[in-house]
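Here are a few remarks to read alongside the coordinates. Please keep the structure open and follow each point on the chains themselves.

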Amino acid sequence: MKKLFLATVSLLLVFGLTFAFSQEAAQKKASAKTAEPAKVEQKQKPETKADEKKDANKKADKPLKGRVISLTKYIIDNNGTVSKDEAMKEADEGKPIVLLVGEGKKAKIYFVFNEDGSFAGKKLAKYASNKYVGIIGKQKVVGGLNIIIAEMIESMD
Amino acid sequence: MKIKSFFAFASFFLALLLFVSCEESTTTEPTPTVTGPDSMKATSIDSATVRLRWKLSPDESKTYFKDYVLYISPGAFSPKIISKGTNTIDIKGLTDGTIYTFELRARNTEDKESIGSAKIQWSPAFRFTTNINDEPIRVYETASSFGSGLQLYDPTNGKPKTLKVASGEFWNLGLYTKLGEVSLYSANYIANNNLYNFPKAPTWTTEISEDVFLTNTLDNVFDSQALSARKFSTNYYIDLTEPSFQNGIVIIVRTKAPNATDWNYAKVLIKPGANGLLQGTPDNRYIECVISYQKKAGVPYAKPIN
C-alpha cells in the first residue's frame, strides 16, 4: 500500500516538474466577433457642477502638443526643423533641442526638463522626426522662459 | 577401460570449451543504431537567431548513445555537434527572410547516424522592443490624447509606430477602451464598425489568429507548424480583461499590403503590468508590446517536414 502511495506521489512530482520546466506557453483561443452594427458613442452632458469639475480635471492631463526643433537653427531660419539624427547629434554637442508650440506670432518655445531636474534635450531629440509630440507635465515660466517638467513624452502623429 | 573413457571424454570436453571460449573472444556485435530525436519546434529570437527545441531520443540512456548532429541549409554551415541531454539550442548567424532547413540526427558511439530525424524549416524575424523613437512600444487607451493605434512596422523609420486616429490609414491594431471594454482589434474591424472615426480607412489588411499564448516572453512561443496553418480573421479580437491573460500574452498577427498576395507575419507580446495588461493611470493607460516581425512577405516562419 505504502509502495503504491509512494509511486503515485513520485509520478505526480515527475509530471509537475515536467510541466514546470517545459517553459512553453499554454494556448487559449481569441474571441471572435462577427461584423456588428456600428457602435455609437452616447454623449451625455454633465449633470452636476461636480461632474463638470471632474471633466475639467481630466482636461488638465491633456498634453502640451508641439514639434521638436533645434533652437540654434530656429534662431537662424525661424523654423528649426531637424531630422532625428541631426537632433541627436546637436543634443550630444550640448545644443538645445526644444519644443515649439503653435506657429507664427503665437509660437512659444518650451525648454523641457526631466522630473529629476536634468535637461531633456536628448530624450526630446528622439522625437524630432515626428510631426507632433505631446508632453504631459508641470508648466512654469522662469525668468521669462517657458519650462515644462515632463512626466510623459509621446508621439502625437 | 572406464578410466580411458573418462580421459577421452574429458579431453573432448576441454577442447570444446577452448573452442567456444576462443570464438567468444573474437566475435564483436555491431553497435545498434540509435533512434533519432523527434518533434522539432522553433521560434525566432531576432533577425539572425532561431531557437530550436526537440524531443530527446528515447535511446539516450543506452550505453552506445553518443550525441546529436544538426545540419543547416542553405549556407556554409558546418554540422553542429550537440551533446546528449540537450533539447534546446540557439542558431546564430542566420539571415532574415531566408527559410532554413534544420535537421537533427542522433549518433551512436560509432558515429553512425539515426535513420529518423527531427526536421523543421524556419526563418528568423526582427525583434522590436522599442518604437521609432527608441522608447517602449506603447498603445494608449481611447480617452488618451496619445495614439491608440499600432503600426507593426513603419517602413520609413524601420520600427513599429504608435499612431493617432488621424493616421488611421496606417493602423494594424487598435486598443479600444470604451463602454467598459478593454480590447485589441484589427484596424479593419475598427474601421468597419466605426469604433474610431478614421479620416481614411486602413490601407493594409490585418488579421488576428484565434490562438493566444499565455506567456510573458516571445521566446516561449515555439511552433512546429507554419503560422499560415492557423486560423486568422479580421473579426478576432483580444479581450484584455480576461483573467488568465494578466501575466502576459502573445498573439499572432498577419498583415497584407494593398494589392499584395502574400502576408507579413508577426507575433506580438503584450507585457504584464502590476495589475494586468493595462498599465499607467487614467486617461493615459496603455499596453506595452514587444514585436517579432517578418519583413519578408510570404514567409510564415515555419514549415514542418516529415
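**Notes on the strands and the chain contact**

1. In this predicted model, five strands of chain A close into a barrel, and their order around it is β3-β4-β5-β7-β6, with mixed pairing. Direction ignored, neighbouring strands of this sheet are turned by 50° against each other on average.

2. As background for the points that follow, strands of a sheet pair through backbone hydrogen bonds, and they do so either parallel or antiparallel. Strand β3 of chain A, which covers residues 64-70, runs antiparallel to β6(A), and three bridges join the two strands. To find this pairing on the screen, start from A:Leu64, whose bridge partner in β6(A) is A:Ile135.

3. Turning to the contact between the chains, 31 residues of chain A are in contact with 39 residues of chain B. On the chain A side, the elements that give two or more residues are β1 (26-29), β2 (31-32), β6 (133-142) and β7 (145-155). Among these, β1(A) gives the most, with four residues. When the residues on this side are sorted by class, 13 are charged, eleven are nonpolar and seven are polar.

4. Which strand of chain B pairs with β1(A), and in what sense? The partner is β14 of chain B, residues 205-214, and the two strands pair in the antiparallel sense over four bridges. Within this pairing between the chains, A:Lys28 stands opposite B:Val212 in β14(B).

5. One last remark concerns β6 and β7 of chain A, which belong to the barrel and also give residues to the side of chain A that touches chain B.

Definitions and conventions
Residues are numbered from 1 along each chain as its sequence is written. Chains are lettered from A and ligands numbered from 1 in the order in which they are written. This is a predicted model: local features need pLDDT of at least 70, side-chain atom pairs count only at pLDDT 80 or more; totals for chains, interfaces and linings use all residues. Two residues are in contact if their C-beta atoms, placed from the backbone, lie within 7 Å. Ala, Val, Leu, Ile, Met, Phe, Trp, Tyr, Cys and Pro count as nonpolar, Asp, Glu, Lys and Arg as charged, and the others, Gly among them, as polar. Two strands pair if DSSP finds at least two bridges between them. Axes are lines fitted to C-alpha atoms, for helices over the stretch in contact, and angles run from 0 to 180 degrees between N-to-C directions.
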